[in-house]
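Open your viewer and turn on the cartoon display. We will go stop by stop, selecting one piece at a time.

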Amino acid sequence: MRITTLAAFAIVGLAAGSQAGVALTLGDRAPAADVKMKNVDGRELTIGEVAGARGTLVIFSCNHCPWVKAWEQRLAELGNACKAKGIGVIVVNPNDPAAYPEDSFEGMQERAKARGFQFPYVVDSTSGVARAFGATRTPEAFLFDAAGALVYHGAIDDNAEDAAKVTKHYLRDALDAVATGARPAIAESKAIGCSIKLRAD
Amino acid sequence: MLREVQGSLGRVVLVNVWATWCEPCREELPDLVRVQRELGGQGFRLILVSADFVSQRPAAAAFLAAQGVRSPTFAKAQGDQEFIDGLESRWTGALPATLLFDRQGRKVAFWEGKASYAELVAKVKPLLGGG
């Protein structure tokens with residue numbers, strides 16, 4: 001079987017719909033900020049409750065996605081460093097565990113412990129928070145500034161496969177900017193990821 | 001720039017971006033292969049593009065061979081941002097992602113997420129028209 005490497009060809013045209021709602025735009029406030037979600041420690045938390053004085057980071061993630069797994073150590077390190085920066089963090093799993101048993105609550109508890117998460121890892125039990133954000137993939141990061149405005153949306157960095165080959169530390173740089181009250185130089189980025197397995201409405 | 005699609009002018013082309021680790025992609029691929037087998041003679045071409053990590057390309061090749069894919073396929077060879085925006089600016093990066101071109105090379109549809117065999121046929125057949 002021959003596989004040829006392919007530089008992407010540019011295409012301009014019409015798009016015909018997508019999986020979830022329209023994603024947030026820069027400047028938007030976090031939707032569904034008062035929706036309670038169960039954390040791996042049993043507490044019910046909302047995005048509003050974890051907001052930090054300098055900003056709030058919301059990441060849609062999960063257990064099963066190999067791209068999440070590739071980035072997970074970096075995600076944990078960045079998330080764990082947020083408290084010292086005055087940035088609140090919450091990682092949200094919107095997937096339907098019926099579709100992916102690895103995304104069960106027990107699986108989340110094990111993963112949070114194994115990776116040393118020092119931030120909430122919660123269940124979006126209806127996938128409603130993901131829908132409100134217009135999130136489509138895992139991992140997908142949304143960073144809000146001290147005023148609650150979206151200032152960064154997208155990937156963790158530009159190389160899931162090899163941390164040593166990262167050239168653009170999108171989320172790290174955005175967090176550093178927000179921590180000082182500055183605006184991230186790169187406000188949006190894209191990366192391949194696993195489509196979110198939304199629960200049925 | 002559109003080399004593969006433009007090289008297929010006169011045929012309806014479906015470009016599907018997938019990966020071995022993407023369960024919906026794996027579920028969808030047999031239906032894509034079936035559509036190619038059934039409609040290839042009417043001027044339909046399937047272009048598969050793997051977004052697997054470089055280290056996973058052997059697994060991608062093995063999976064495609066097991067699905068009976070004999071024609072050449074492709075793999076992403078650049079950074080995600082450039083790859084995604086080069087294909088479709090509205091693509092968020094979620095897999096699977098599919099683009100559909102008519103016989104004149106015009107993109108007529110794009111969608112994220114898995115499509116069933118029936119949905120694929122419903123989208124492709126009208127474009128095949130009278131040949």
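How many residues lie between β8(A) and β9(A) in the hairpin they form? Keep that in mind as you select them. The model is predicted.

**Stop 1: a hairpin in chain A**

Select residues 140-145 of chain A for β8. Add residues 150-154 of chain A for β9. The two strands form a hairpin with four residues between them. Click Gly148(A) in the turn: its phi is positive, about 85°. The strands run antiparallel and are joined by four bridges. Find Phe142(A), then look across to β9(A): its bridge partner there is His153(A). β9(A) is mostly covered, with five of its five residues buried.

**Stop 2: a sheet that uses both chains**

Now select residues 137-138 and 193-195 of chain A, which are β7 and β10. Add residues 94-95 of chain B, which are β4. Together they make an open sheet of three strands, in the order β7(A)-β10(A)-β4(B), with mixed pairing. The edge strands are β7 of chain A and β4 of chain B, and each pairs on one side only. β7(A) and β10(A) pair in the antiparallel sense over two bridges. Zoom in on Thr138(A): it stands opposite Cys194(A) in β10(A).

What holds strands like these side by side? Strands of a sheet pair through backbone hydrogen bonds, either parallel or antiparallel.

**Stop 3: two cis peptide bonds**

Stay at Thr138(A) and step to Pro139(A). A cis peptide bond joins them, with omega about -5°. Pro139(A) lies in the loop between β7 and β8 of chain A. Next, jump to chain B. The peptide bond from Leu95(B) to Pro96(B) is cis, with omega near -5°. Pro96(B) sits in the loop between β4 and β5 of chain B.

**Stop 4: positive phi in chain A**

Most residues other than glycine have a negative phi, and most peptide bonds are trans. Select Ala32(A). It is not a glycine, yet its phi is positive, about 50°. Look for it in the loop between β1 and β2 of chain A. Then select Ser127(A), where phi is near 65°. This residue is in the loop between β6 and α5 of chain A.

Which of the words buried, partly exposed or exposed fits Ser127(A)? At 0% relative accessibility, Ser127(A) counts as buried. Ala32(A) has 22% relative accessibility and counts as partly exposed.

**Stop 5: inside chain B**

Select residues 12-18 of chain B for β1, which runs parallel to β2(B) and is joined to it by seven bridges. Add residues 44-50 of chain B for β2. Leu14(B) has Leu46(B) as its bridge partner in β2(B). Show the side chains of β2(B). Phe44(B), Leu46(B), Leu48(B) and Ser50(B) point one way, while Arg45(B), Ile47(B) and Val49(B) point the other way, and all are buried.

Now select residues 80-87 of chain B, helix α4. Six of its eight residues are buried, so the helix is largely enclosed by the rest of the structure. Among the buried ones are Phe83(B), Ile84(B) and Leu87(B).

**Stop 6: step back**

Display the whole of chain B. It has five helices and six strands. The radius of gyration is 14 Å, close to the 14 Å that the globule rule gives for 131 residues, so chain B is as compact as a globular protein of that length. Buried residues make up 56% of the 131 residues in chain B.

Conventions: Residues are numbered from 1 along each chain as its sequence is written. Chains are lettered from A and ligands numbered from 1 in the order in which they are written. This is a predicted model: local features need pLDDT of at least 70, side-chain atom pairs count only at pLDDT 80 or more; totals for chains, interfaces and linings use all residues. Side-chain values use heavy atoms; hydrogens and water are left out. The radius of gyration is taken over C-alpha atoms; the globule rule is 2.2 Å times the number of residues to the power 0.38. Buried means under 20% relative accessible area, exposed over 50%, partly exposed in between (1.4 Å probe, protein chains only). Two strands pair if DSSP finds at least two bridges between them.
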